[in-house]
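Colleague: I have the model open and would love a close look at one part of it, the cysteines and what lies around them. Could you walk me through it?

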Amino acid sequence: MTSANITEGYIDFNVASLSRVCTTWYKIIGDIKSSVRPLIALHGGPGVNSEYLEILSDVTTVRGGALVVYDQIGTGKSTHLQEKMGDGDFWTVQLFIDEFDNLIHNLGIEEYDLLGHSWGGMLAASIAIAEPPALKRLVLASTPASMDLWIEAQNELKSKLPKEIQDVLDKFEEDGKHTPEYQKAVAVYYGLHLCTLDPMPEAIVHGFACIEKDPTVYLTMLGPSEFNVTGSLKGWTVIDQVHKIQIPTLVTNGENDEAADTVLAPFVANIPHVKWIKFQNASHMVHFEQREKYMDAVLQFLNE
């Protein structure tokens, strides 16, 4: 589908270990042929879709150029591979790096800025560490530098919840049963640390629905919950490599973010050209909760 400023499409993605060709769905908002570098945004999860990042077109509408979003393989409108449930050797960070490289090659993007949110920031950091010459500026939004730091932060935040909420969450860690009580307890946690807006914006709700409809990527890479990472991302870290990110980098999080200061501290400490902005009265979805301030900060950074 093409309109004056929105283009959607599919790009073939060949994965060596598969007998069939996958497709990556993408959306371009704005002019990809502009002299202004496009901003490519990588969604989180892993396993949600990219819809909740389309709001970042606030930045590119003012700046010019285009926002490029896409649904990573295994979710949204891209190819689903439910037969790969539990296959940690398949669902790797490298798989998603390969998909990203395939996307920009097929879209003919020669230079770009990159914003990754949450898991998307982990992917963005991994891309930036390889120092691709086409990447000029990097935004790491609510992104952990290691999964061990992430788990520590989640359990620290959980410890501050009412005892009855903690007990319900702990019980799930023991028996794995998705009871109504557990769903309510998770909703309390998310309302404090994932998105403080009530009602939650539809685009974010749709992202959760993607995981519910097909949890393959989430369960295989992360595990049963935020508090217990058992999947292929267990032990993941780039702390010893982030010094290789030589381009200007903006690190952001919210005051009450599940991506607490401790999880992104290694980026701030070790990336040579880094700026950190922490947004008050916000959590993991700062770009919704403090929309105008967030977009202004990203715009200013990209234009510096």
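Colleague: To start us off, how many disulfides does the count come to?

Modeller: Happy to help, and please keep in mind that this is a predicted model. The count comes to zero disulfides. Let me take the cysteines in turn. C22 is in no disulfide, and the cysteine sulfur nearest to that of C22 belongs to C210, 17 Å away. A disulfide needs the two sulfur atoms within 2.5 Å, so at 17 Å C22 does not qualify with C210. C210 is likewise in no disulfide; for C210 the nearest cysteine sulfur is that of C195, at 16 Å. As for exposure, C22 has a relative accessibility of 0% and therefore counts as buried, the cut-off being under 20%. C210 comes out at 15%, so C210 is counted as buried by that cut-off too.

Now to the surroundings of C22. This cysteine stands in strand β2, opposite F13. Strand β2 spans residues 22–30 and is mostly covered, with seven of its nine residues buried. One partner of β2 is strand β1, residues 6–13; the two pair in the antiparallel sense over eight bridges. Another partner is strand β4, made up of residues 66–71, which runs antiparallel to β2 and is joined to it by six bridges. Within that pairing, I29 has L67 of β4 as its bridge partner.

While you have the model open, another buried residue deserves a visit. H117 is found in strand β5, which covers residues 112–117. Its relative accessible area is 3%, so H117 falls under the 20% cut-off and is buried. The side chain of H117 makes a polar contact with the side chain of Y52, at 2.8 Å. Setting aside neighbours within four places in sequence, H117 is in contact with several stretches of the chain: L42, H43 and G44, then Y52 and L53, then A141 and S142, and finally H284, M285 and H287.

For the wider setting, UniProt, in an unreviewed entry, places the feature "domain: AB hydrolase-1" at residues 38–289. Over residues 38–289, the chain is 41% helix and 14% strand. The C-alpha atoms at the two ends of that stretch are 24 Å apart.

Key. Residues are numbered from 1 along each chain as its sequence is written. This is a predicted model: local features need pLDDT of at least 70, side-chain atom pairs count only at pLDDT 80 or more; totals for chains, interfaces and linings use all residues. Side-chain values use heavy atoms; hydrogens and water are left out. Helices (H or I, at least four residues) and strands (E, at least two) are DSSP runs, numbered from the N terminus. Buried means under 20% relative accessible area, exposed over 50%, partly exposed in between (1.4 Å probe, protein chains only). A polar contact is a pair of N or O atoms within 3.5 Å; within protein, one must be able to donate a hydrogen and the other to accept it, and residues adjacent in sequence count only if both atoms are side-chain atoms. Contact means heavy atoms within 4.5 Å. Two strands pair if DSSP finds at least two bridges between them. UniProt positions are given in the numbering used here, feature names are shortened, and annotations may be inferred rather than shown by experiment.
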